[in-house]
Amino acid sequence: MTLLAGRRTGTVDHGGSLERARALFPGAPEPFVDLSTGINPNSYPLFELPATALSRLPEPGRARDLAAVAASAYGAPSAAHMVPAPGTQILLPRIASLVRPGRAFVLGPTYQEHARAAAIAGHQVAETRDFGQLFDADLAVVVNPNNPDGRVVQRKDLLELAASLRARGGLLVVDEAFMDVGPQAQSLAGDVEMGGLVVLRSFGKFYGLAGIRLGFALAHPDIAGRLEEELGPWSVAVPSLEYGIKALSDADWQREMRTTLAHAAHRLDQAFARAGVIVTGGTSLFRHVDIPDAAGLFKALGREGILVRSFADRPTQLRCGLPGHEVEWRRLDVALGDWAQDRETAKKEAAR
């Protein structure tokens, strides 16, 4: 178990920063191919917004419409169990504050903002790889499927954990940011009525519209009401409301996109395999590799204007998102091939 109690302030590198990429690789060809996030490169189609989208405050009725549509899309018991928010990030410290400061255990390694948010809320925070240790927490956090390795914790195990925490006033937070492309049967969205449980769903990743800043907390109506009071009125902007309502209602697009992403993930696995790299996990929005020369591969791709996600505390691991079009696929194939060839040449020279 790794204690993280001191992580209260500061920023965390999450990928997606082209400013950072250009600073790291100033001579790289432009435009950068940003594969450092898990955001769908095939975004939901843009459409014309109402003329008043930017000139009027959001109408409460549209927020209720969004909650109803989201409840149906995610499988929540009702709209009363849904809390729309301007992204899930803003919810994290508020959710962590739902229980009195105590021990917060995060199943890791995972998305680092959960630990930071719990520390902001006053908890003593530790990251653990042992699921069983979460039963000793006041606040337990599980990202499911996990970011960056795609690990999936079974629903029955999470329900057992939630019941144990609830019995003594604790809280389980399950971040299902990538469950749109995960095993739907393992989602806890339909179980939030039990209490002692908050499920997070992110809109921007699967729908490829991260700039919309839209996310949801799914919880018992008592918890949902507390979070709504924390957020206050007009928390979700009109463009976000309209895109959320339309995209979450579009079952045909969702079904077709899951198929598209699955094919793209398989293609990415094949691209790595041709370079001698075996993919070790991920989802159909990102792939995870664990190799001794991860730092060398990161730099080789970066020098070719291709940004993937590295991890300072896990130097052998990389996460790679999906290229968005054929030019990006070709650039990645060439860069991986050149890296593999250079590595093979270096091995032969070392053997002489």
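Ala, Val, Leu, Ile, Met, Phe, Trp, Tyr, Cys and Pro count as nonpolar, Asp, Glu, Lys and Arg as charged, and the others, Gly among them, as polar. This is a predicted model in which local features need pLDDT of at least 70 and side-chain atom pairs pLDDT 80 or more, whereas totals for chains, interfaces and linings use all residues. Residues are numbered from 1 along each chain, and side-chain values use heavy atoms, without hydrogens or water.

Q: How many nonpolar residues does the lining of the second largest pocket have?
A: A pocket is an open set of 1 Å grid points where a 1.4 Å probe fits, with protein on both sides within 12 Å along at least five of seven lines, and lining residues have an atom within 4 Å of a point. In the second largest pocket, 3 lining residues are charged and 2 are polar, while the nonpolar residues number 13.

Q: Which element gives the most to the lining of the second largest pocket?
A: Helices (H or I, at least four residues) and strands (E, at least two) are DSSP runs numbered from the N terminus. The elements that each supply at least two residues to this lining are β3 (82-85), α7 (221-231) and α2 (60-74). With 4 residues, the one that gives the most is α2.

Q: What percentage of the residues of the protein chain count as buried?
A: The protein chain has 11 helices and 14 strands, and its C-alpha trace spans about 70 × 50 × 35 Å along the principal axes. Buried stands for under 20% relative accessible area with a 1.4 Å probe, protein chains only. Of the 352 residues, the share that counts as buried is 51%.

Q: Why is helix α4 (residues 113-120) described as largely enclosed by the rest of the structure?
A: The buried residues of α4 include the charged Glu113 and Arg116, together with His114, Ala115, Ala117, Ala118 and Ala119. What covers them, by contact of heavy atoms within 4.5 Å, includes α3 (92-96) and the strands β4 (103-107), β5 (124-128), β6 (139-143), β7 (171-175) and β8 (197-202). Helix α4 is largely enclosed because its buried residues number 7 of the 8.

Q: Which residue with positive phi follows α4?
A: The phi of this residue lies near 100°. The residue that follows α4 is Gly122.

Q: Which residue of β11 is the bridge partner of Gly282?
A: Strand β10 (residues 279-283) is mostly covered, with 4 of its 5 residues buried, and a hairpin joins β10 to β11 through 2 residues. Strands pair if DSSP finds at least two bridges between them, and here 4 bridges join β10 to β11 (residues 286-290), the two running antiparallel. In β11, the bridge partner of Gly282 is Arg287.

Terms used:
Buried means under 20% relative accessible area, exposed over 50%, partly exposed in between (1.4 Å probe, protein chains only).
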